[in-house]
Amino acid sequence: IQLHTYSEVEEVSGFVGQFKVKVRHKAAYVNHDVCTGCGMCQEKCPKKVPSEFHMKLGDRKAIYTLFAQAVPNKPVIDRDNCIYFQKGKCRACEKLCEMKAIDFEQQDRVEEIEVGSIVVATGFEIMDPSIIESYGYGRYQNVFTGLEFERMVQGSGPTMGKIQGRDGTIPKDVAILHCVGSRDLRYHEYCSRTCCMYALKYAHLLKDKCGHDTQVYNFYIDMRCFGKGYEEFYKRVQSEGVRMVRGKAAGVKEKDGILIVTAEDTLSDRMLEVPVEMVILCTAMEPRADAIDVTRIFGISIG
């Protein structure tokens with residue numbers, strides 16, 4: 001198995017059993033053949049920018065590895081933010097690299113490889129919940145997406161695993177809102193399938209990391225715990241004291257620094273207003289923005 005990392009397929013020709021694939025290897029401006037991945041260049045780089053991997057909850061350097069377990073665990077230079085590429089000075093990484101791996105003259109390289117078959121795994125994006133104005137994402141600082149919360153609870157994440165709001169406060173009351181943009185005629189009619197289970201995982205982690213006296217509310221339409229051991233985990237989370245509210249949240253408002261979640265509890269047939277300090281949105285999964293380009297390059301159809 002040969003990995004072509006930091007590379008992109010540009011063209012596919014031929015036929016089954018004998019495809020010709022043009023791959024562009026992007027310039028990393030670091031010679032990975034001699035780089036040892038010691039991290040000195042990243043440590044001493046003076047330029048910080050918001051980390052895309054950590055959903056901009058933390059920073060990275062202009063020379064960086066995407067995350068701690070990246071393969072290969074060797075850096076690339078972001079030329080859009082590198083002081084040398086932008087202003088013609090600095091070169092701190094080059095001066096400090098004992099292996100002389102920094103190469104500011106490196107260029108993209110195109111390689112053609114022959115393969116018998118191709119498997120396309122496109123991945124997905126998460127929906128931007130700011131378009132659903134009633135949930136306040138982007139307006140209220142302690143409304144997070146599920147992926148932002150996922151990064152937060154990572155031991156190597158922007159807060160080193162500590163659960164806290166953007167204002168640094170540790171929440172004692174948290175609402176998790178299911179189906180944000182999923183199963184909704186205005187956005188996506190389909191179920192994104194993963195949200196129920198990661199919402200339960202987040203509820204369990206909140207109880208575990210913030211203390212069992214932390215109040216966690218799950219606002220859901222239906223619980224879809226379909227896999228092996230999933231129903232058992234659902235029951236375990238309930239036994240931990242997580243409150244399950246059967247009803248989709250209508251909106252989130254902020255009053256005196258407290259977030260108020262409005263929802264209808266369809267089991268008790270009453271409206272609720274639940275005050276919390278953090279809201280986590282389980283956002284819909286969407287096709288990647290470049291999905292049409294992928295279908296064109298590989299000559300495949302989409303549904």
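**Asking why: a predicted chain**

The chain in this predicted model has 7 helices and 17 strands.

Visitor: Why is Val-71 called exposed?

Guide: Val-71 has a relative accessible area of 59%, and exposed means over 50%, so Val-71 earns the word. You'll find Val-71 in the loop between strand E5 (63-64) and strand E6 (76-77).

Visitor: What makes Ile-1, Leu-3 and Val-71 a patch?

Guide: Members of a patch need over 30% relative accessible area and no salt bridge, and nonpolar side chains are joined within 5 Å. Ile-1, Leu-3 and Val-71 form a nonpolar patch on the surface, and together they have about 430 Å² of accessible area.

Visitor: Now Phe-298, in helix H7 (residues 291-298). Why is Phe-298 called partly exposed?

Guide: Its relative accessibility is 23%. Buried means under 20% and exposed over 50%, so Phe-298 falls in between and counts as partly exposed.

Visitor: Which residues is Phe-298 in contact with, leaving aside neighbours within four places in sequence?

Guide: Val-9, Val-12, Ile-118 and Val-120. Contact here takes heavy atoms within 4.5 Å. Phe-298 and Val-12 are 286 residues apart in sequence, yet their C-alpha atoms are 6.1 Å apart in space.

Visitor: How do you know that contacts in the chain join residues far along the sequence?

Guide: Take the contacts between residues at least 6 apart in sequence: 63% of them join residues at least 24 apart.

Visitor: And how much of the chain counts as buried?

Guide: Of its 303 residues, 40% do, with under 20% relative accessible area as the cut-off.

Methods: Residues are numbered from 1 along each chain as its sequence is written. This is a predicted model: local features need pLDDT of at least 70, side-chain atom pairs count only at pLDDT 80 or more; totals for chains, interfaces and linings use all residues. Side-chain values use heavy atoms; hydrogens and water are left out. Helices (H or I, at least four residues) and strands (E, at least two) are DSSP runs, numbered from the N terminus. Buried means under 20% relative accessible area, exposed over 50%, partly exposed in between (1.4 Å probe, protein chains only). Patches are made of residues with over 30% relative accessible area and no salt bridge: like charges are joined within 9 Å, nonpolar side chains (Val, Leu, Ile, Met, Phe, Trp, Tyr) within 5 Å. Accessible areas come from the Shrake-Rupley method with a 1.4 Å probe; for residues, only the protein chains shown count as cover. A salt bridge is a side-chain nitrogen of Lys or Arg within 4 Å of a carboxyl oxygen of Asp or Glu.
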